[in-house]
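Me: I would like to work through the packing and strand pairing of this model with you, one question at a time. Please reason each answer through before you give the value or name.

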Amino acid sequence: RRFFSLIRQNEMIEYKLKAIEEKHLLSTLLYLYENGESIKTEIYSNVSRNPRMPLKLDLLEECGLITMDRGTTTTIKLTEKGTRVASHIQMIENDL
């Protein structure tokens, strides 16, 4: 059982890494890191108007990097984990 558990963990890690490789995901994380909680339309205006952005936001939420409050307007913010990841991405960007 432990073997299958490890396989599932590895598959999940691979899935999350592939998710981060999606276009505009790193930019979205950095935008939220630099600007704080934002509404969905702000992200569309400042990051991308790609028709797949709703799916990409869902993917970030599924990975535990953002939360979305789906009220009258959808408010998006980084989770603690998302903030940690975004800070690392920003450090890498600064080093380049």
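Me: At what angle do the axes of helix α2 and helix α5 cross?

Reply: This is a predicted model in which local features need pLDDT of at least 70 and side-chain atom pairs count only at pLDDT 80 or more, while totals for chains, interfaces and linings use all residues. Residues are numbered from 1 along each chain as its sequence is written, and side-chain values use heavy atoms, with hydrogens and water left out. Helices (DSSP runs of H or I, at least four residues) and strands (E, at least two) are numbered from the N terminus, and axes are lines fitted to C-alpha atoms, for helices over the stretch in contact, with angles from 0 to 180 degrees between N-to-C directions. The axes of α2 (residues 25-35) and α5 (residues 80-95) come within 9 Å, and they cross at roughly 105°.

Me: How are α2 and α5 oriented to each other, roughly parallel or roughly perpendicular?

Reply: Angles under 35 degrees count as roughly parallel, over 145 as roughly antiparallel, 65 to 115 as roughly perpendicular and the rest as oblique. The axes cross at roughly 105°, and α2 and α5 are therefore roughly perpendicular.

Me: Which element gives the most residues to the largest nonpolar core?

Reply: Such a core is a set of buried (under 20% relative accessible area, with a 1.4 Å probe and protein chains only) Ala, Val, Leu, Ile, Met, Phe, Trp, Tyr and Cys residues joined through side-chain atoms within 4.5 Å. It has 21 residues, and Leu29, Ile43, Leu57, Leu60, Ile66 and Ile76 touch the most other members. At least two residues each come from α2, α3 (40-46), α4 (53-62), β2 (66-70), β3 (74-78) and α5. With five residues, the element that gives the most is α2.

Me: Which strands stand at the edges of the sheet?

Reply: Two strands pair if DSSP finds at least two bridges between them; two bridges join β1 (residues 38-39) to β3, and five join β2 to β3. The open sheet therefore has the order β1-β3-β2, with antiparallel pairing. Each edge strand has a single partner, so one side of each is left without a neighbour in the sheet, and these strands are β1 and β2.

Me: Which residue of β3 is the bridge partner of Met68?

Reply: β2 and β3 form a hairpin with three residues between them, and within this pairing Asp69 has Thr75 as its partner. On the β1 side, Ser38 stands opposite Ile76. The bridge partner of Met68 is likewise Ile76.

How values were computed: Buried means under 20% relative accessible area, exposed over 50%, partly exposed in between (1.4 Å probe, protein chains only).
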